[in-house]
Amino acid sequence: MSGFTTLLMRDLRLVLRRPGDVGVVLAFFVVATVLFPLGIGPETNVLARIAAGVLWCAALFAALLSLERLFAADYEDGTLDLLLLAPWPLELAALAKCLAHWIVTGLPLSLLAPVLGVAFGLDGQSLLALGATLLVGTPTLSLIGGLAAALTLGARKSGALLALLALPLCVPTLIFGAGAIETLAAGDGIVTHVAILAALALVALATTPWAIAAALRQAGE
Amino acid sequence: MADLHFLANPARFRRFSQRVLPGLGFATVLMLAVGVYMAFFVAPQDYQQGNTVRIMFVHVPSAWLSMGGYAMLAVLGASLLVWRHPLAALMARAAAPVGASFAAVCLLTGSLWGRPMWGTYWVWDARLTSMLLLFFLYLGHIALSRAYDSPERGDRAAAILALIGVINLPIIKFSVDWWNTLHQPASITRLDAPAIHNSILVPLLWMAVSLLFLFVWLVLLRTETEIDRRRLENAEAAS
């Protein structure tokens, strides 16, 4: 476990030393969301209707945007070779990297999204639901995105390829995340949706670390 | 299993496929000819859908084959990762575009069928949407397997993707079904067809088997080409 925390703290420290990288992702999220009212028009009822979908999609894109560098830096400077040689499981290392990614992107995105939701005219309950679903759903995005990042390590045009691999796999999370706010508008509770999002996160947690480790091993060969 | 190991050697597979391919190609053409004749002239018109029901004879088998094809990619991926089966990689590389083509045929014939039946080329129906996502999964597999300078890397990355994809496919299917019932009230009048009649079922199954022959023939032919291509590349690298 000490290896896990060491790697996690190292990744967080690296981000803290260059906070601009996270800032760019969050700025992208804000700018991308702001474009929708400009493109669609300022009618509040239309905006409130599409807010959850727009914010969820923008969060998905923002999370993917930052994933390309998740393993690439370690791959280039040789850290990955040391991780492969380390005496603790590579699956844990993969998990630590994904957790670090979630802490620096998924978590701030979940906190920022309700603030932007105000501008879309969402009511208080929907704002809470938006934050809650993102909080439960974004770990899945980090894990699936981490897998796509590991698979495309060293590939040509890895950025676009990463999105092509990750987006279809992220569809269930998107559906239940954005769908929760819709059911709220229809007068139902969101417990089912949050529970299914949590289930999706657990399935991702149980499967992706092994796949990421397998992908990293063959990248290191 | 002994037979599978026998074919694991690409050179032996090549000798086997060269013996099988001509006969298989001939059988495929013959079966398709009979199947198309049955679909156009033997099967009756549907009393509500008229002649457009004949689209089904290509549409439905394509859907089956594209789903079966993805399962095949997963099995090939597992045998590559677990047993380092040298032929599995080449066969997966050969099969992915064929499966993707069947998914595309399914989507295209579906939208052509949708126009006269539902009045629109595309609806966000759960089945259509999950078939579209399956098509995207195929595209990801094809792009990933060809994204590396070393083909072996691409093969193994694509194998991992196929395994994760096959785990996620039921989840995607389930969530798209849920999404559709959530968003769309039944706006399209779906014909609640009575149990399918033999006069339509027989041509349908015949076409399914013929297209399966076509699938196998294409995959074997493309695998052979992949073996030759890999050899050529190795020879070029060596010289």
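**Reading a two-chain contact and a helix**

Reader: Where do I begin with this predicted model? How many residues does each chain bring to the contact?

Author: Chain A brings 23 residues and chain B brings 23 residues.

Reader: Which elements of chain A give two or more residues to the side that touches chain B?

Author: Look for α7 (124-151), α8 (158-185) and α9 (191-220) of chain A. Of these, α8(A) gives the most to that side, with 11 residues.

Reader: What classes of residue make up the side of chain A that touches chain B?

Author: That side has 15 nonpolar, five polar and three charged residues.

Reader: Let's turn to a helix. How can I compare the span of helix α4 of chain B with what it should be?

Author: The general idea first: an α-helix has 3.6 residues a turn, so residues three or four places apart point the same way. Now the case here: α4 of chain B covers residues 86-118, and at 1.5 Å a residue its 33 residues should span 48 Å. The C-alpha atoms at its ends are 47 Å apart, which agrees.

Reader: Where does α4(B) bend?

Author: Find A95(B), where α4(B) bends by about 25°. A proline, P97(B), follows within four residues.

Reader: What comes after α4(B)?

Author: G119(B) follows, and its phi is positive, near 80°.

Reader: What is the phi of R84(B), and is R84(B) buried or exposed?

Author: R84(B) has a positive phi of about 50°, although it is not a glycine. You will find R84(B) in the loop between α3 (56-83) and α4 of chain B. With 11 other C-beta atoms within 10 Å, R84(B) is exposed, because the cut-off for exposed is 12 or fewer.

Key
Residues numbered from 1 in each chain as written. Chains lettered and ligands numbered in written order. Predicted model: local features only at pLDDT ≥ 70, side-chain atom pairs only at ≥ 80, totals over all residues. Expected span 1.5 Å × (residues − 1). Bend = angle between axes of the 7 residues up to and from the residue. Buried ≥ 20, exposed ≤ 12 C-beta atoms within 10 Å, placed from the backbone. Contact = placed C-beta atoms within 7 Å. Nonpolar A, V, L, I, M, F, W, Y, C, P; charged D, E, K, R; others polar.
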